[in-house]
Amino acid sequence: MKTQYVFDFDSTITRVEALDLLAEISLAGRSDKEERIRKISSITDLGIDGDISFTESLQRRVVLLEARQDHLPVLIEQLRGRVSKSIEENKEFFENFRDQIYIISCGFKEFIDPIMEAYSIPSDRIYANTFAFSEEGEIVGFDQDNYLASHNGKIECLRQLQLQGEVQVIGDGYSDYVMREAGVAQKFFAYTENVSRQKATANADHIAPNLDEFLFVNDLPRNLSYPKNRIKILLLENIHSDAFERLSVEGFSVETVSHSLPEAELIEKIKGVHVLGIRSKTQVTQNVLQAADRLLAVGAFCIGTKQIDLEACKERGVIVFNAPYSNTRSVVELALGHIIMLMRSIFTRSTEMHEGHWQKTAVNAREVRGKVLGIVGYGNIGKQLSVLAEAVGMKVVFYDLEDKLALGNAQKVFDIKDLLAQSDAVSLHVDDHPENKNLIGEKELALMKPGSFLINLSRGFVVDLPALKKSLESGHLGGAALDVYPSEPRSNGAFVTELAGVPHVILTPHIGGSTEEAQRDIADFVPGKIMDYINSGNTVDAVNFPNIRLPKQQNAHRFLHIHQNVPGIMAEINQVLAKYEMNISGQYLSTDNKVGYVITDLDKEYNKDVIQALREIEHTIKFRVLY
Ligand SMILES: NC(=O)c1ccc[n+]([C@@H]2O[C@H](COP(=O)([O-])OP(=O)(O)OC[C@H]3O[C@@H](n4cnc5c(N)ncnc54)[C@H](O)[C@@H]3O)[C@@H](O)[C@H]2O)c1
Ligand SMILES: O=C(O)[C@H](O)COP(=O)(O)O
């Protein structure tokens with residue numbers, strides 16, 4: 001016997017309560033509109049939660065509505081645009097299962113019928129109230145004899161239908177779950193895509209945040225192979241709330257933690273997580289990855305990615321994204337600020353003022369105009385700094401391991417020693433490669449011009465701090481500004497550094513990239529990349545993986561196969577596809593020396609056994625089906 005699916009309408013099929021919307025239309029332009037709408041909404045809720053009888057709720061609302069027949073076409077038009085997103089996306093389910101679907105609603109057939117007609121559900125499968133009109137076309141009431149106009153009317157309505165087979169109710173309110181409670185339905189799915197009501201979720205056999213989840217649980221044909229709400233995303237380190245917002249709106253289940261987690265805690269927390277979001281503090285090690293049983297992607301919500309074992313991620317088919325430019329400008333502005341503050345002895349003057357001492361002097365206060373700025377590491381940040389420093393009149397020299405185009409009037413030097421010897425300020429912007437440890441040590445500091453300044457906003461391990469302290473205390477270096485340290489705390493709180501208390505030293509707590517603009521931009525950029533990968537398989541801008549931009553596919557299935565790059569594997573994949581007579585509409589491949597990533601688009605219908613066969617191919621790392 002076939003399962004019968006009984007859907008509620010308001011706030012389930014549609015995102016809104018239709019009578020609330022009707023009130024907006026019928027009361028438009030009235031001075032008491034807001035007051036009446038508030039009353040109607042609260043009466044709606046009282047009825048839905050079962051706190052007053054439904055008949056009473058309906059009567060009171062109809063009086064307040066003062067609606068007319070000619071308001072209904074406007075309402076229907078607006079409702080068409082407010083169908084729940086996942087219901088719209090699974091229209092085919094309604095078409096294919098229309099003989100097993102009923103709508104039982106305490107709303108009104110006058111607006112439900114035309115909406116459901118577009119979903120192939122005929123009027124005779126829709127059970128709802130009907131309006132009563134005056135001769136002038138005013139809505140004056142409703143058919144009081146309809147079961148659905150009375151308290152617990154849905155129970156009686158469903159009982160009268162005498163449906164055979166299991167009856168599943170999908171709805172958001174009290175009147176829906178009581179059908180299961182009364183024994184006329186066997187299962188109740190609390191539908192929370194639009195509203196989550198405590199009484200409904202507490203009494204549900206299953207909570208369905210969208211129709212995809214309902215279809216997945218019932219193993220019914222659906223638009224998405226895996227519901228998005230089942231994809232768990234863990235965001236650590238106080239990532240900007242826009243990221244949470246974007247990913248949640250997309251339908252993913254997102255959890256946030258305000259700080260970084262040590263390895264042991266992350267090992268526990270990572271289980272079942274599909275996407276991990278971190279910043280510069282969280283170490284994604286082999287051990288963490290071993291525990292990560294569902295991990296598909298890691299998002300570094302920053303520039304640096306050396307905190308992540310990129311190779312181990314790749315070997316496990318875990319794609320890593322970062323935000324390579326989002327905070328570049330913020331770092332540059334702070335670096336320039338540090339340079340100016342050091343040249344003018346601003347922190348010394350400011351400290352004196354805080355201690356109640358007025359010291360107006362030009363000693364050790366110089367303009368930056370005409371001074372030489374030495375930039376070590378002429379990448380994204382180094383280049384931007386070069387441009388801004390020249391704009392304030394500095395002469396720029398730079399040193400990079402790679403051959404780089406000099407911007408503006410900047411001069412390339414071929415040996416770091418030349419840069420150190422001629423610069424009034426040296427600013428470090430090298431990447432976080434381990435070989436850069438102690439790039440600036442005792443020897444390099446000794447080569448710097450007497451009275452010059454060192455600025456480090458790259459990585460803490462790049463500078464030998466005891467050597468820097470010695471150089472500053474000896475009076476050789478004029479001052480320093482540090483934003484990064486060899487060891488940084490996981491969360492805000494106590495911090496100790498040997499540079500504390502040393503004069504002419506500016507210390508900032510790794511805030512180069514911590515501006516509202518940068519963090520907002522990162523929170524937009526990285527989730528965009530993650531969603532692109534999860535939803536369509538795109539790996540454009542992945543840090544550790546072959547990059548591939550895929551075309552959008554209509555009416556097709558997409559198989560994503562990640563494998564070790566060994567000879568013959570493509571042939572094997574295609575043999576399997578041929579064996580199962582897959583009709584391939586597109587195939588894309590990208591490889592590097594370790595892994596291969598092949599994407600196959602197929603016609604809608606296919607033999608599901610092919611999935612297992614593809615998974616079983618030797619050297620397969622990960623396999624995913626989209627749509
Ligand atoms: N303080 C902060 O909040 C903050 C924010 C963002 C980035 N950063 C750090 O800033 C640094 C630079 O970032 P980016 O986006 O410009 O990186 P990038 O990769 O664009 O540039 C780094 C450049 O350094 C060069 N380089 C590496 N080692 C070198 C060496 N030993 N000598 C000379 N050149 C060397 C590389 O060739 C490259 O051109 C990174 O370490 C990054 O982690 C810090
Ligand atoms: O790599 C980076 O972008 C910077 O070091 C900033 O890191 P954060 O996001 O941890 O401040």
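Here is a quick tour of the domains, one sheet and the two ligand sites in this predicted model.

Let's start with the layout. The domain assignment splits the protein chain into domain 1 (4-217), domain 2 (228-321), domain 3 (328-507) and domain 4 (546-625). Measure between C-alpha centres and domain 1 sits 43 Å from domain 4.

Now for the sheet. Its five strands run in the order β10-β9-β11-β12-β13, with parallel pairing, and the sheet is open. At the edges you'll find β10 (253-256) and β13 (319-321), each of which pairs on one side only. On average, neighbouring strands are turned by 15 degrees against each other, direction ignored. Helix α12 (residues 241-249) packs on this sheet and touches β9 (232-235), β10 and β11. The direction of α12 makes about 160 degrees with that of β10. Strand β11 (residues 275-278) pairs with β12 (residues 297-300) over four bridges, in the parallel sense. Looking for a specific pair? L276 has V298 in β12 as its bridge partner.

On to the ligands. Around ligand 1 there are 31 residues, and the closest are G304, G377, G379, I381 and G512. Two elements, α16 (328-343) and α18 (380-391), each give two or more residues to that shell. The largest share, three residues, comes from α18. Ligand 2 is surrounded by R279, S280, K281, C302, I303, G304, N327, H510, G513 and S514.

Here is how the two shells divide by residue type:

| Shell | Nonpolar | Polar | Charged |
|---|---|---|---|
| Ligand 1 | eleven residues | 14 residues | six residues |
| Ligand 2 | two residues | six residues | two residues |

Key. Residues numbered from 1 in each chain as written. Chains lettered and ligands numbered in written order. Predicted model: local features only at pLDDT ≥ 70, side-chain atom pairs only at ≥ 80, totals over all residues. Near = placed C-beta within 6 Å. Nonpolar A, V, L, I, M, F, W, Y, C, P; charged D, E, K, R; others polar. Domains from an automatic or database assignment. Pairing = 2+ DSSP bridges. Axes fitted to C-alpha atoms, helices over the stretch in contact; angles between N-to-C directions. Contact = placed C-beta atoms within 7 Å.
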